[in-house]
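This report looks at helix packing, empty space and backbone geometry in one protein chain. Please keep the 3D view open while reading.

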Amino acid sequence: MEKLLKTELQTSLLKALGSSGGGCISQAQCYETDHGRVFVKINGQPQARTMFEGEMASLEAIQQTNTLRVPKPIKVIDLPGGGAAFAMEYLKMKSLSKYSAKLGEQVAELHLHNQKLGEKLKKEESTVGKGAGLNEHHYVDKFGFHIVTCCGYIPQVNEWQSDWPTFFIRHRLQAQMDLIERDYGDREARELWSRLKPKIPEMFCDLEIVPALIHGDLWAGNVAEDDSGPILFDPACFYGHSEFELAIALMFGGFSSSFFSAYHSKIPKAPGFEKRNKLYQLFNYINHWNHFGTGYRGSTINVMRRLIK
């Protein structure tokens, strides 16, 4: 591993700092190199390259908006024994506290970034001699992403769709329910889903949704801060409905009221927000059922029942 990392990172110095660690998906280690400190995530599973390539593309996409600070991605590296490693900038982080409101503002700015590009493009198109600039190559008018990303270890299809309900039903809810059917064959979940699915488009009537670049896994374990401000990491980005981002943050806590107040000062709640939030939380419950087992079945069933009423 040391020889491989030295070659791939083009460094003669590779000194491990501290003990190795990691989360429930990958192991991690910080190293001192000729180019400064790097943070390396390591995963031996066959799908590791897909997972890390999606994370790298997500970090790049957020970075390009200049709205939020994320670790600078460096390289995805194939491991000789299978699996992959992902090297990125090392940031000395601590738990989010002082900059909670600032994070709320910046997440809202991330969500508004594509909309602002679209408004600028329209303005240029209405001006004689304008409209052929670089902006038209950056504005995204569909829902999806240019690469597969992973929610936990589950790959997410991000095939572009022209409307949000179609994308969300097909590539998020239905994809997760297919896994439940495959692994559990749960009759009640299947029956409730068949009743809920046709009702979902009604929750978006008269709502204009501009594709927003979202982090995709915004919970307290993926946010931090340093002395200069808030930091986000471990993204699974796609262009979607900005409200989707808040569901997991509201579900599991860890965010202060100042975060939500700051966010909604820039993006006010639209009519029907609470019901759609339950719908987005349903995705997270089903996803947790797929990752962690039937302990999340009860929450999934209860939310389905409430949404059908």
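In this predicted model, helix H3 meets helix H7 through a set of named residues. On the H3 side these are Ser100, Ala101, Leu103, Gly104, Glu105, Val107, Ala108, Glu109, His111 and Leu112. On the H7 side they are Ser258, Phe259, Ala262, Tyr263 and Lys266. By class, the contact of H3 with H7 has 8 nonpolar, 4 polar and 3 charged residues. H3 covers residues 100-125 and H7 covers residues 257-266. The two helices pack at an angle of about 35°. Their axes are 7 Å apart. The crossing of H3 past H7 is right-handed.

**Pockets**

The table sets out the two pockets and the cavity.

| Space | Volume | Lining by class |
|---|---|---|
| Largest pocket | about 1000 Å³ | 21 nonpolar, 12 polar, 5 charged |
| Second largest pocket | about 550 Å³ | 14 nonpolar, 6 polar, 7 charged |
| Largest cavity | about 60 Å³ | 6 nonpolar, 2 polar, 2 charged |

Start with the second largest pocket, with its volume of about 550 Å³. It is lined by 27 residues. Closest to its centre are Leu112, Gln115, Glu208, Ile209 and Val210. H3 and H7 are the elements that give two or more residues to this lining. H3 gives the most, with 8 residues. Leu112 thus appears in two places: it is one of the H3 residues that meet H7, and it is among those closest to the centre of the second largest pocket.

Which residues lie nearest the centre of the largest pocket? They are Lys41, Trp219, Gly221, Asn222 and Asp234. The full lining of the largest pocket has 38 residues. Several elements each supply at least two of them. The strands are S2 (27-33), S3 (36-43), S5 (84-89) and S6 (149-151). The helices are H2 (48-65), H6 and H8. H8 provides the largest share, 5 residues.

**The cavity**

The model has 1 cavity of 30 Å³ or more. Its lining consists of Cys151, Gly216, Asp217, Leu218, Phe244, Glu245, Ala247, Ile248, Phe283 and Asn284. Helix H6 (244-252) and helix H8 (273-292) each supply at least two of these residues. H6 gives the most, with 4 residues. H6 and H8 also each supply at least two residues to the lining of the largest pocket.

**Positive phi**

Most residues other than glycine have a negative phi. Two residues here are worth locating in the view.

Asparagine 66 has a positive phi, near 55°. Asparagine 66 sits in the loop between H2 and strand S4 (73-78). Is asparagine 66 buried or exposed? Asparagine 66 counts as exposed because its relative accessibility is 72%, and the cut-off for exposed is over 50%.

Aspartate 234 also has a positive phi, near 50°. Its place is in the loop between strand S10 (229-232) and strand S11 (238-240). Aspartate 234 has a relative accessible area of 28%, so it is partly exposed. Aspartate 234 is also among the residues nearest the centre of the largest pocket.

Technical notes. Residues numbered from 1 in each chain as written. Predicted model: local features only at pLDDT ≥ 70, side-chain atom pairs only at ≥ 80, totals over all residues. Heavy atoms only, no water. 1 Å grid on protein atoms, 1.4 Å probe; cavity = no way out; pocket = protein on both sides within 12 Å on 5 of 7 lines; lining within 4 Å. Points joined across faces, edges and corners; volume = space filled by probe spheres on them. Nonpolar A, V, L, I, M, F, W, Y, C, P; charged D, E, K, R; others polar. Axes fitted to C-alpha atoms, helices over the stretch in contact; angles between N-to-C directions. Left-handed = near helix turned anticlockwise from the far one by under 90°. Contact = heavy atoms within 4.5 Å. Buried < 20%, exposed > 50% of the residue type's maximum accessible area, 1.4 Å probe, protein only.
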